[in-house]
Amino acid sequence: MPYARARHHDGHTRLRRRNRLRNKTKDLDQIDKDLKEGSDQLLNQEVDLDKPGFAQHYCLHCAKYYINQRALDDHFKTKVHKRRMKALENDPYTHEEAEKAAGHGSFDKTPAKRKMETQPSKDEYSCGKRVKVDYFTQEELNSKKRKSLNSSKVTEEQEMHE
Ligand SMILES: [Zn+2]
């Protein structure tokens, strides 16, 4: 019965595709936009019974819902979240612009670095703290670089003594 088999297979893939789409997380460009324009709305979502935690505990940076405050707080301490914060330090748009500029003869390909802070808690939010996306000034970047150079020097010295 080739037809019956084919129909069964077809239904199976459709189900899989639907799951795939449902599980698709936002890409960094969209999250970047959320941070700049949609943070108030996303941090104050209406109760949605279909979402984990009724959409009341959302990580803006990772675009994920958590079941309660505790789970969200725990998530903030995970590698996944910290890695995401690092990734968001690079502005996707200035990076693109920088590359475009490079194609037109500019040699500066470094993307603008941003200060990334984990979103405010509900308490902080009600005290007026908001998500902001600030750039590091060149001076701050230089002192950051100096600091990391110094710390790598220390470990080198320590290794030499061992
Ligand atoms: Zn996160």
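Select glutamate 89 to start; this residue of the predicted model sits in helix α4, which covers residues 79-89. Is glutamate 89 buried, partly exposed or exposed? Glutamate 89 counts as partly exposed because 14 C-beta neighbours lie inside 10 Å. Now add arginine 114 to the selection and draw a distance between the two C-alpha atoms. The sequence puts glutamate 89 and arginine 114 25 residues apart, while their C-alpha atoms are 4.6 Å apart in space. Apart from neighbours within four places in sequence, the contacts of glutamate 89 are Lys113, Arg114 and Met116.

Next, zoom out and colour the chain by secondary structure. The chain has seven helices and four strands. Followed along the sequence, these elements come in the order α-α-β-β-α-α-α-β-α-β-α. How much of the chain counts as buried? Of its 162 residues, 6% do. If you display contacts between residues at least 6 apart in sequence, 31% of them join residues at least 24 apart. The pair of glutamate 89 and arginine 114, at 25 residues apart, is a case to keep in view.

Now select helix α2, residues 28-43. The end C-alpha atoms of α2 are only 18 Å apart, whereas a straight helix of 16 residues would span 22 Å at 1.5 Å a residue. Where does α2 bend? Look at glutamate 37, where the bend in α2 is about 85°.

Keep glutamate 37 selected and add lysine 132. Lysine 132 belongs to the loop between α6 (122-126) and β4 (134-135). The two residues are 95 apart in sequence, and their C-alpha atoms are 9.8 Å apart in space. Lysine 132 is exposed, since 12 other C-beta atoms lie within 10 Å of its own and the cut-off for exposed is 12 or fewer.

Stay on helix α2 and pick aspartate 34, which has its place there. Aspartate 34 has 19 C-beta neighbours inside 10 Å, so this residue counts as partly exposed; buried would need 20 or more. Setting aside neighbours within four places in sequence, aspartate 34 is in contact with Ser39, Leu42 and Leu60. Add histidine 61 as well: aspartate 34 and histidine 61 are 27 residues apart along the sequence, with 8.6 Å between their C-alpha atoms.

One of those contacts, Leu60, is the next stop. Select leucine 60 in the loop between β1 (58-59) and β2 (64-65). Which residues does leucine 60 contact, leaving aside its neighbours within four places in sequence? They are Asp34, Leu35, Ser39, Leu42, Leu43, Gln119 and Val131. For leucine 42, also draw the C-alpha distance to leucine 60: the separation is 7.2 Å, for two residues 18 apart along the chain. Leucine 60 is partly exposed, because 18 other C-beta atoms lie within 10 Å.

From leucine 60, move along the loop between β1 and β2 to alanine 63. Alanine 63 is not a glycine, yet its phi is positive, near 55°. With 16 other C-beta atoms within 10 Å, alanine 63 is partly exposed.

Then go back along the chain to alanine 55, in the loop between α2 and β1. What is phi at alanine 55? The value is near 65°, again positive in a residue other than glycine. Alanine 55 counts as partly exposed, with 16 C-beta neighbours inside 10 Å.

To finish, select residues 59-81. UniProt lists this range as "domain: C2H2-type", in an unreviewed entry. Over residues 59-81, 48% of the chain is helix and 13% is strand. How far apart are the end C-alpha atoms of this stretch? The distance between them is 9 Å.

Technical notes
Residues numbered from 1 in each chain as written. Predicted model: local features only at pLDDT ≥ 70, side-chain atom pairs only at ≥ 80, totals over all residues. UniProt positions renumbered as here; feature names shortened; annotations may be inferred. Helix = DSSP H or I, 4+ residues; strand = E, 2+ residues; numbered from the N terminus. Contact = placed C-beta atoms within 7 Å. Expected span 1.5 Å × (residues − 1). Bend = angle between axes of the 7 residues up to and from the residue.
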